[in-house]
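Please open the model in a viewer and keep the sequence panel visible. The tour below proceeds by selection, one stop after another.

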Amino acid sequence: MDPRFDLASEDGAAVLRITGDLDIAVEDDAVAAVAAVLATEPAPAHLVLDLSAVEFMDSSGLRALLRIHNRHGDQVRLGPVSAVVERLLELTGTTDLFPPDERAAEA
Amino acid sequence: MTDDGAQETDTKDRSMAVFDRRVESASEARSWLTTFLHERDVEETVVMDAALIVSELVTNALRHGAGQTVLRVTVTAADVQLSVTDSGDAQPQLLPPDPDRVGGLGLVVVNSVSQDWGVAPFPGGKTVWALVGRPGP
């Protein structure tokens, strides 16, 4: 599997962890990786994006998140994010784009 | 420049690099800029903002521009001056933020992170420039 994407399973949910830079070179691959996970049988109840290991993100990374959200809706939730991801979401007013991962909210 | 001292300052504090039309160029431009600014002891928050701006501008040139992308940087005591030139005719436009629209967010980021920015069109291309202010002494 692509070393930038690490897939785990927790309580029936798929957790996709993205590492490194989330920019124009990764945008299409990130969208495809999420679609591939949600297309598996049996399909996971939902997918949590773990962006805590993302070291850089620009608006192309945000484009990836928007495309994922437009395609899969609330089936995809946002898990932990790194400081650079949080800043970009704040700069672009997209902090509330995804429903928060419930387990993260409970923690 | 006739003064040797001024010329030395010139070569020391500004530089340029050319990037091809490939998606890896955004990352390469960030690395090149970050190295240049670190060598001049530019503050880390300024380096991060400058790298974010350059990533957006080079990406815009890759998506909407034409030809190779030329990145220029100048460091002064007050700011970091960035410009990205390509051979495309399309003029970048700042659109109001809209989470429902995919695309057009690059300049929203540039606008919020930079001290000032603008577009300078010329026959055969355009330059988009941005300034990142440095904290005072």
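Leaving aside its neighbours within four places in sequence, with which residues is Leu94(B) in contact? The model is predicted, and this first stop shows how such a selection may be read. Select Leu94(B) and display its surroundings: the residues in contact with Leu94(B), beyond those within four places in sequence, are Leu107(B), Val108(B), Asn111(B) and Trp117(B).

**Stop 1: Leu94(B)**

Keep Leu94(B) selected and colour chain B by secondary structure. Leu94(B) belongs to the loop that runs between β3 (79-86) and α4 of chain B. Its relative accessibility is 40%, and Leu94(B) therefore counts as partly exposed, the class between 20% and 50%. Now add Trp129(B) to the selection and draw a distance between the two C-alpha atoms. The separation is 14 Å in space, for residues that stand 35 apart in sequence.

**Stop 2: Ser114(B)**

Move next to Ser114(B), which is located in the loop between α4 (106-113) and β4 (116-122) of chain B. Is Ser114(B) buried or exposed? Its relative accessibility is 10%, so Ser114(B) counts as buried, the cut-off being under 20%. Show the side chain of Ser114(B) together with the backbone of Val110(B): the side chain comes to 2.7 Å from the backbone oxygen of Val110(B). Then display Ile53(B), Ala130(B) and Leu131(B), the residues in contact with Ser114(B) once neighbours within four places in sequence are set aside.

**Stop 3: Arg22(B)**

Select Arg22(B), in the loop that connects β1 (14-19) with α2 of chain B. At 36% relative accessibility, Arg22(B) counts as partly exposed. Which residues does Arg22(B) touch, not counting those up to four places away in sequence? They are Glu28(B) and Leu62(B). Show the side chains of Arg22(B) and Glu28(B), which are joined by a polar contact of 2.8 Å. For a view across the chain, draw a line from the C-alpha atom of Arg22(B) to that of Val113(B); the line is 25 Å long, and the two residues are 91 apart along the chain.

**Stop 4: Asp41(B)**

Continue to Asp41(B), in the loop between α2 (24-39) and α3 (44-64) of chain B. The backbone is the point of interest here: phi of Asp41(B) is positive, about 55°, although the residue is not a glycine. With a relative accessibility of 65%, Asp41(B) counts as exposed, because the cut-off for that class is over 50%.

**Stop 5: chain B as a whole**

Deselect the individual residues and display chain B as a cartoon. Chain B contains four helices and five strands, arranged along the sequence as α-β-α-α-β-β-α-β-β. Of its 137 residues, 42% are buried. Contacts between residues at least 6 apart in sequence join residues at least 24 apart in 62% of cases. Switch on the surface: chain B exposes about 6,900 Å², with 52% of that area supplied by carbon and sulfur atoms.

**Stop 6: Asp11(A) and Pro42(A)**

Turn now to chain A and select Asp11(A), in the loop between β1 (5-10) and β2 (13-22). Asp11(A) has a positive phi, near 55°, and is a residue other than glycine. Its relative accessibility is 73%, so Asp11(A) counts as exposed. Next select Glu41(A) and Pro42(A) and display the backbone atoms. Which peptide bond is cis here? The bond from Glu41(A) to Pro42(A) is cis, with omega near -5°. Pro42(A) is in the loop between α1 (27-38) and β3 (47-57) of chain A.

**Stop 7: chain A as a whole**

Finish with a cartoon of chain A, which has four helices and four strands in the order β-β-α-β-α-β-α-α. Its C-alpha trace spans about 35 × 30 × 25 Å along the principal axes. The radius of gyration of chain A is 13 Å, which agrees with the value near 13 Å expected for a compact globule of 107 residues. Buried residues make up 51% of the chain. Among contacts with a separation of 6 or more, 71% are between residues 24 or more positions apart. The accessible surface of chain A is about 4,900 Å², and carbon and sulfur atoms account for 49% of that area. Finally, colour the charged residues: chain A carries 8 positive and 20 negative charges, and the mean positions of the two sets are 4 Å apart.

Technical notes: Residues are numbered from 1 along each chain as its sequence is written. Chains are lettered from A and ligands numbered from 1 in the order in which they are written. This is a predicted model: local features need pLDDT of at least 70, side-chain atom pairs count only at pLDDT 80 or more; totals for chains, interfaces and linings use all residues. Side-chain values use heavy atoms; hydrogens and water are left out. Helices (H or I, at least four residues) and strands (E, at least two) are DSSP runs, numbered from the N terminus. The radius of gyration is taken over C-alpha atoms; the globule rule is 2.2 Å times the number of residues to the power 0.38. Buried means under 20% relative accessible area, exposed over 50%, partly exposed in between (1.4 Å probe, protein chains only). Contact means heavy atoms within 4.5 Å. Accessible areas come from the Shrake-Rupley method with a 1.4 Å probe; for residues, only the protein chains shown count as cover. Lys and Arg count as positive and Asp and Glu as negative; His and the chain ends are not counted. The place of a charge is taken as NZ of Lys, CZ of Arg, CG of Asp or CD of Glu. A polar contact is a pair of N or O atoms within 3.5 Å; within protein, one must be able to donate a hydrogen and the other to accept it, and residues adjacent in sequence count only if both atoms are side-chain atoms.
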